[in-house]
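Subject: Structure handover

Hello,

I am passing on the structure we discussed. Please look it over; my notes follow below it.

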Amino acid sequence: MIDLNHQMDERYELMRKISNERKEKELGAFYKYDLKPLFIMIDEFPSLVSAVEDLPQNASVHYMEFMSALKQLDLKGRQAGFYLIIATQNVKADDLPSTIKDNMMLRITLGRVSSFTYATLFGEENKDKKFKYVEKIGANRIFGRGYYGIFGGPAKEFFAPLLPDSKDFDFYTDFESLPRIEDEKTQFPAEVVEEKKYLQADVLEKLEITRSTLKKIESLLKENLYSLEGNGYSEKELDVFRKILAEAEETGHTLRDSVSDVVSTLD
């Protein structure tokens, strides 16, 4: 998820560059720049969140970083062509943070779900709607029936498309037969600028700081909505770190205040 968030930021940079070259007054959607959509599908979302929460402290991914990246993808992703699809059995109050839930416009239920799930997904506008579970019509069993709605609007009856009989159809075989979409970076070689990346050990040596101080700065940058690129540290990021440390030393401010001051001056 964190890598996908970095990819989204890189795509925005590419879109802005092309937009500026075209002298556009405002940034358009991804398809205006010949970019393809990317769909992020998460099945059993509460299970994934629980697994991330249970990771040890020294793991490479932490819960707050994961949730921060997820929220950014949910809030900013659509214009860049990143579409988030979350699936779960039933929605409980603490399964989806309100920031994510309120920004997911299309909601779909299938089969039998709880009344609380209907209320959570379809909102106040549908509080008086009588949701029905239809198992059979006559002698025929009903599959794939449910409801769909754009959040804030009325929920309507929905039927999911049915796959062929499992005796004749294998999803994985069919999926493997689909053509692979090449990485968009290979489509725009002129737009990809190779730059030197520094390992964490290099950064600690160059800045003469401890690992805990570096992690503290990174955390504060995220709080101030400044995204690091990942996969090493760029020269630009090193320069930001230097400015923060210099600000703290010259003014006597805390790291939190220094990060906020420096971020406010960045483009």
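A pocket here is an open set of grid points with protein on both sides within 12 Å along at least five of seven lines. The model is a predicted one.

By that rule, the second largest pocket has a volume of about 1100 Å³. Its lining consists of 32 residues, and Ile85, Ile86, Ala87, Leu106 and Ile108 are the closest of them to the pocket centre. Helices and strands both contribute: β1 (38-42), β2 (82-86) and β3 (106-110), along with α3 (63-80), α4 (98-103) and α5 (115-122), each give at least two residues to the lining. By class, the lining has 20 nonpolar, 6 polar and 6 charged residues.

Helix α3 also appears in the salt bridges. The count of these is 10. One of them joins the side chains of aspartate 9 and lysine 76, with an N to O distance of 3.5 Å. Aspartate 9 belongs to helix α1 (residues 2-21) and lysine 76 to helix α3, so this pair ties together parts 67 residues apart in sequence.

Further along the chain, how do α9 and α10 lie relative to each other? The axes of helix α9 (residues 211-223) and helix α10 (residues 235-251) come within 12 Å and cross at roughly 100 degrees. The two helices are therefore roughly perpendicular, as angles of 65 to 115 degrees are counted that way. On the α9 side, the contact is made by Leu214, Ile217, Glu218 and Leu221; on the α10 side, by Val240, Phe241, Ile244 and Leu245. That contact comprises 7 nonpolar residues, 1 charged residue and no polar ones.

Regards

Terms used: Residues numbered from 1 in each chain as written. Predicted model: local features only at pLDDT ≥ 70, side-chain atom pairs only at ≥ 80, totals over all residues. Heavy atoms only, no water. Axes fitted to C-alpha atoms, helices over the stretch in contact; angles between N-to-C directions. Helix = DSSP H or I, 4+ residues; strand = E, 2+ residues; numbered from the N terminus. Parallel < 35°, antiparallel > 145°, perpendicular 65-115°, else oblique. Contact = heavy atoms within 4.5 Å. Nonpolar A, V, L, I, M, F, W, Y, C, P; charged D, E, K, R; others polar. 1 Å grid on protein atoms, 1.4 Å probe; cavity = no way out; pocket = protein on both sides within 12 Å on 5 of 7 lines; lining within 4 Å. Points joined across faces, edges and corners; volume = space filled by probe spheres on them. Salt bridge = Lys/Arg side-chain N within 4 Å of Asp/Glu carboxyl O.
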